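The exercises below are meant to be worked through with the model open beside the text. Try each task before reading the solution that follows.

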Amino acid sequence: QVQLVESGGGLVQPGGSLRLSCAASGSIFSINSIGWSRQALGKERELVAAVTSGGTTNYADSVKGRFTISRDNAKNTVWLQMNSLKPEDTAVYYCHAFVLTTRLDGMNYWGKGTLVTVSS
């Protein structure tokens with residue numbers, strides 16, 4: 001079993017910053033891509049940012065220049081630094097990762113989510 005646990009969500013004013021963390025634990029051989037998606041009320045879930053084991057990053061156009069994703073492969077941890085937050089960034093943020101539990105077996109895992117609210 002693999003668990004992803006997010007932390008760092010909360011209430012912040014427009015223009016503020018938050019840093020989300022996600023720690024993966026359990027039967028992990030290695031982690032390929034790991035990242036964050038979000039789902040706002042009444043909207044579909046969307047990819048926010050992801051990073052491969054080699055460090056290649058991918059961002060949604062709506063967060064480019066404001067959000068930065070980083071990871072520590074040794075600690076199986078990923079962070080999302082969110083700056084210049086806007087009300088439209090309000091959503092539940094989910095950590096997800098493609099985890100290899102053996103050299104040949106892998107699947108996607110998701111955390112339970114952490115709520116980010118941007119409001120004055």
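**Exercise 1.** Decide whether arginine 66 is buried or exposed in this predicted model, and find the salt bridge that its side chain makes.

*Solution.* Start with the accessibility: arginine 66 has a relative accessible area of 10%, and because buried means under 20%, arginine 66 counts as buried. Next, look for a partner of opposite charge, and you will find that the side chains of arginine 66 and aspartate 89 meet in a salt bridge, at 2.7 Å from N to O. Then place the two residues along the chain: arginine 66 belongs to the loop between β6 (57–59) and β7 (67–72), while aspartate 89 belongs to the loop between β8 and β9, so the pair ties together parts that are 23 residues apart in sequence. Aspartate 89 is buried as well, with a relative accessible area of 1%.

**Exercise 2.** Which residues are joined with aspartate 89 into one network of salt bridges?

*Solution.* The network, held together by salt bridges that share partners, consists of Arg38, Glu46, Arg66 and Asp89. To see one of its links, go to aspartate 89 and arginine 38, which form a salt bridge whose closest N and O atoms are 2.9 Å apart. Arginine 38 sits in strand β4 (residues 30–39) and aspartate 89 in the loop between β8 (77–82) and β9 (91–100), so this pair ties together parts that are 51 residues apart in sequence. Both of these residues are buried.

**Exercise 3.** A search of the whole structure finds four salt bridges; examine the one between aspartate 61 and lysine 64, and state whether its two residues are buried or exposed.

*Solution.* First check the distance, which is 3.1 Å between the closest N and O atoms of aspartate 61 and lysine 64. Then check the accessibility, and both aspartate 61 and lysine 64 turn out to be exposed.

**Exercise 4.** Arginine 71 is buried yet has no salt bridge; work out which polar partners its side chain has instead.

*Solution.* Begin with the location, which is strand β7. The nearest side chain of opposite charge is that of aspartate 72, 7.9 Å away, and because a salt bridge requires nitrogen and oxygen within 4 Å, aspartate 72 does not form one with arginine 71. Now turn to other polar atoms: the side chain of arginine 71 makes a polar contact with the side chain of asparagine 73, at 2.5 Å, and a polar atom of the arginine 71 side chain lies 3.2 Å from the backbone oxygen of valine 51. Finally, list the wider surroundings, setting aside residues up to four places away in sequence; arginine 71 touches, among others, Ile31, Ser33, Val51, Thr77, Val78 and Trp79.

**Exercise 5.** Which members of the largest nonpolar core touch the most other members, and which strand gives the most to this core?

*Solution.* The core has 29 residues, and those touching the most other members are Trp36, Val48, Phe67, Val78, Leu80, Met82 and Tyr93. Several strands supply at least two core residues each, including β1 (2–7), β3 (18–26), β5 (46–51) and β11 (114–118), but β9 gives the most, with five residues. As an example of a member, take valine 78, which touches residues including Leu20, Cys22, Ile34, Trp36, Ile69 and Cys95, when residues up to four places away in sequence are not counted.

**Exercise 6.** Find out how many residues of β9 are buried, and which strands pair with β9.

*Solution.* Eight of the ten residues of β9 are buried, so the strand is mostly covered. For the pairing, consider each neighbour in turn.

- β4 pairs with β9 in the antiparallel sense over eight bridges, and glutamine 39 has valine 92 in β9 as its bridge partner.
- β10 (residues 106–110) is joined to β9 by five bridges and runs antiparallel to it; histidine 96 is the bridge partner of tryptophan 110 in β10, and the two strands form a hairpin with five residues between them.
- β11 runs antiparallel to β9 and is joined to it by three bridges, with tyrosine 93 opposite threonine 114 in β11.

Key. Residues are numbered from 1 along each chain as its sequence is written. This is a predicted model: local features need pLDDT of at least 70, side-chain atom pairs count only at pLDDT 80 or more; totals for chains, interfaces and linings use all residues. Side-chain values use heavy atoms; hydrogens and water are left out. Helices (H or I, at least four residues) and strands (E, at least two) are DSSP runs, numbered from the N terminus. Buried means under 20% relative accessible area, exposed over 50%, partly exposed in between (1.4 Å probe, protein chains only). Lys and Arg count as positive and Asp and Glu as negative; His and the chain ends are not counted. A polar contact is a pair of N or O atoms within 3.5 Å; within protein, one must be able to donate a hydrogen and the other to accept it, and residues adjacent in sequence count only if both atoms are side-chain atoms. A nonpolar core is a set of buried Ala, Val, Leu, Ile, Met, Phe, Trp, Tyr and Cys residues joined through side-chain atoms within 4.5 Å. Contact means heavy atoms within 4.5 Å. Two strands pair if DSSP finds at least two bridges between them.
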